[in-house]
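Reader: Please present the model and then take my questions on its helices, rings and backbone one at a time.

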Amino acid sequence: MRLLIAHEAPAGAGGVESYLAAMMPALRARGHQLAFLCAEPRAAPGPTRLDDCADVFSVADQGLEAALEGVRHWGPDVCFSHNMGPLAIDEGLLTIAPTVKMMHGYFGTCVSGLKSHAFPVMQPCARTFGLACLGLYLPRRCGQLRPGLMFEQFAWSKRQQRLFTRYAQVVVASTHMAREYASNGVAAARLTTAPLFTTTPWTGPARPLPVTPTVLFLGRMTPLKGGDLLIHAVAHAMRTTGAAIEVSFGGSGPSEAAWRQLAGRLGVAAAFHGWVSGDARVQLLRSASVLAVPSVWPEPFGLVGLEAAAHGVPAVAFEAGGIGEWLHDGVNGRMVREVGRAEALGGTLARLLSAPEELARLGSGARGVAAEMTIAAHLGIVETVLHQAAAPARTVA
């Protein structure tokens with residue numbers, strides 16, 4: 001099958017780039033011919049490069065019409081589109097070949113894409129996208145306090161939503177996201193859930209538990225990720241158990257300085273490592289007692305939890321979004337149902353970190369879950385969807 005992969009950038013450090021960096025070689029290994037279309041310049045920087053195809057088309061370098069004409073001449077059986085800000089690109093691809101869209105976020109179902117309210121408290125939003133969102137956007141702090149940007153984002157989301165009925169299939173990573181897109185107009189027959197996989201599998205021996213209980217946070221440091229709640233939770237857990245607990249932060253972002261100050265004020269031993277990758281990331285994972293995912297926005301999937309599971313690290317997370325796709329309460333971690341409550345998170349951490357046998361049992365369960373959620377399983381679902389999308393075009397030809 002001739003398959004065109006479309007994504008905003010040919011390189012980057014995000015989850016979509018990591019996903020495609022794993023998927024593209026796997027698709028080639030199955031005999032598919034690949035081409036790549038990006039919105040940004042072909043020479044755009046980034047640690048993970050995706051433009052290792054023989055045929056690469058760049059809208060920034062060639063212009064929209066020339067890039068699309070190049071795609072048309074290449075002749076894909078099906079297009080597989082991912083994050084794409086310039087929607088004219090998806091609209092153009094739809095005139096060339098059946099297009100399967102993978103939604104990695106709340107595109108076309110939320111004005112800001114954050115799917116959460118920041119006022120009066122940070123909490124997930126369960127509304128269906130529509131005009132009423134404009135009345136809530138500013139009062140509930142759904143995004144930036146910029147009316148012009150609000151209307152711009154609303155128009156973009158409506159334009160994206162209009163494409164829902166034109167895509168041959170919409171692929172999402174969790175049943176939560178499937179419900180989200182179904183409630184926003186994607187028919188069940190054209191909606192497929194393909195759970196993600198870890199891009200850093202571990203086949204070595206099981207790790208020993210650290211001597212000092214250590215909680216790990218990996219991700220971008222923003223209010224939505226709940227790092228401040230985690231620090232309060234660890235302080236609560238230390239008061240409850242009377243034991244020292246360390247916190248390791250891997251990542252960076254605008255909230256880092258505030259989180260450092262909060263940890264110091266509450267007497268929480270917190271180490272900030274910046275963005276980590278490769279062996280340094282593996283070392284952080286394997287030196288943790290538990291991974292915390294304190295997000296107060298509905299994570300579409302929460303891949304970091306599956307990454308930790310591959311190393312036998314159980315997770316504790318708020319029950320929001322697609323976390324339940326991989327976190328099974330009592331099997332590979334603990335789910336905290338009181339989203340946004342630091343005391344509830346801290347109580348769960350206190351009980352778990354005080355029970356080494358339970359930690360070991362959940363760590364074993366974590367490796368079991370990770371062993372089932374493989375790239376082969378994901379690829380089998382996606383490849384079936386792509387073949388089915390391409391079949392009608394082949395029949396017409």
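Author: In what follows, a residue is called buried when its relative accessible area is under 20%, and exposed when that area is over 50%. The model is a predicted one.

Reader: Which residues of α6 are buried?
Author: The test is a relative accessible area under 20%. In α6, the residues that meet it are L149, M150, Q153, F154, S157, Q160 and Q161.

Reader: What arc around the axis do these buried residues of α6 cover?
Author: An α-helix has 3.6 residues a turn, so residues three or four places apart point the same way. The buried residues of α6 lie on the same side of the helix, because around the axis they cover an arc of only 135 degrees.

Reader: Which exposed residues does the opposite face of α6 carry, and which elements are included in the cover of its buried residues?
Author: The face turned away from the buried side of α6 bears the exposed residues G148, E152 and R162. The cover over the buried residues of α6 includes α4 (87-93), β7 (99-102) and α5 (132-137).

Reader: How far does α6 reach from its first C-alpha to its last?
Author: The helix α6 has 16 residues, for which 22 Å is expected at 1.5 Å a residue. The span in the model is close to that, at 23 Å.

Reader: Is K101 buried or exposed, and which backbone oxygen does its side chain reach?
Author: K101 belongs to strand β7. Its relative accessibility is 2%, so K101 counts as buried. Residues that K101 touches include D90, Q160 and Y167. At 2.5 Å, the side chain of K101 reaches the backbone oxygen of H82.

Reader: With which side chain does E383 form a polar contact?
Author: E383 is part of helix α14 (residues 375-396), and its relative accessible area of 13% makes it buried. Leaving aside neighbours within four places in sequence, E383 is in contact with R30 and H32. The polar contact, of 2.6 Å, is with the side chain of R30.

Reader: How many aromatic pairs does the structure hold, and why is the pair of F164 and Y181 edge-to-face?
Author: The structure holds 9 aromatic pairs. For F164 and Y181, the ring centres are 5.5 Å apart and the planes stand at 65 degrees. Planes over 60 degrees apart count as edge-to-face, so the pair of F164 and Y181 is edge-to-face.

Reader: Where do F164 and Y181 lie, and are they buried or exposed?
Author: F164 is in the loop between α6 (147-162) and β10 (169-172), while Y181 is in helix α7 (residues 175-182), 17 residues apart. The pair therefore links distant parts of the chain, and F164 and Y181 are both buried.

Reader: At what angle do the planes of F217 and W259 stand, and which residues form one aromatic cluster with them?
Author: The ring centres of F217 and W259 are 5.6 Å apart and their planes are at 85 degrees, so this pair is edge-to-face. F217 lies in strand β12 (residues 214-218) and W259 in helix α9 (residues 256-266), so the pair ties together parts 42 residues apart in sequence. Both residues are buried, and they form one aromatic cluster with F249 and F272.

Reader: What separates the C-alpha atoms of L218 and V276?
Author: L218 is in strand β12 and is buried, with a relative accessible area of 9%. Among the residues in contact with L218, leaving aside neighbours within four places in sequence, are G250, V276 and V304. L218 and V276 are 58 residues apart along the chain, and their C-alpha atoms are separated by 8.8 Å.

Reader: Over which ring does the charged end of R141 sit?
Author: R141 lies in the loop between α5 and α6 and is partly exposed, with a relative accessible area of 35%. Its phi is near 55 degrees, a positive value in a residue other than glycine. The charged end of R141 is 5.2 Å from the centre of the ring it sits over, that of F119.

Reader: Is the peptide bond from F119 to P120 cis or trans?
Author: Most residues other than glycine have a negative phi, and most peptide bonds are trans. P120 lies in the loop between β8 (116-117) and β9 (123-124). The bond from F119 to P120 has omega near 5 degrees and is cis.

Definitions and conventions: Residues numbered from 1 in each chain as written. Predicted model: local features only at pLDDT ≥ 70, side-chain atom pairs only at ≥ 80, totals over all residues. Heavy atoms only, no water. Phe/Tyr/Trp six-rings, centres within 6.5 Å; stacked < 30°, edge-to-face > 60°. Helix = DSSP H or I, 4+ residues; strand = E, 2+ residues; numbered from the N terminus. Buried < 20%, exposed > 50% of the residue type's maximum accessible area, 1.4 Å probe, protein only. Lys NZ or Arg CZ within 6 Å of the ring centre and 35° of its normal. Polar contact = N/O pair within 3.5 Å; in protein donor to acceptor, adjacent residues only side chain to side chain. Contact = heavy atoms within 4.5 Å. Expected span 1.5 Å × (residues − 1). Arc of directions from axis to C-beta.
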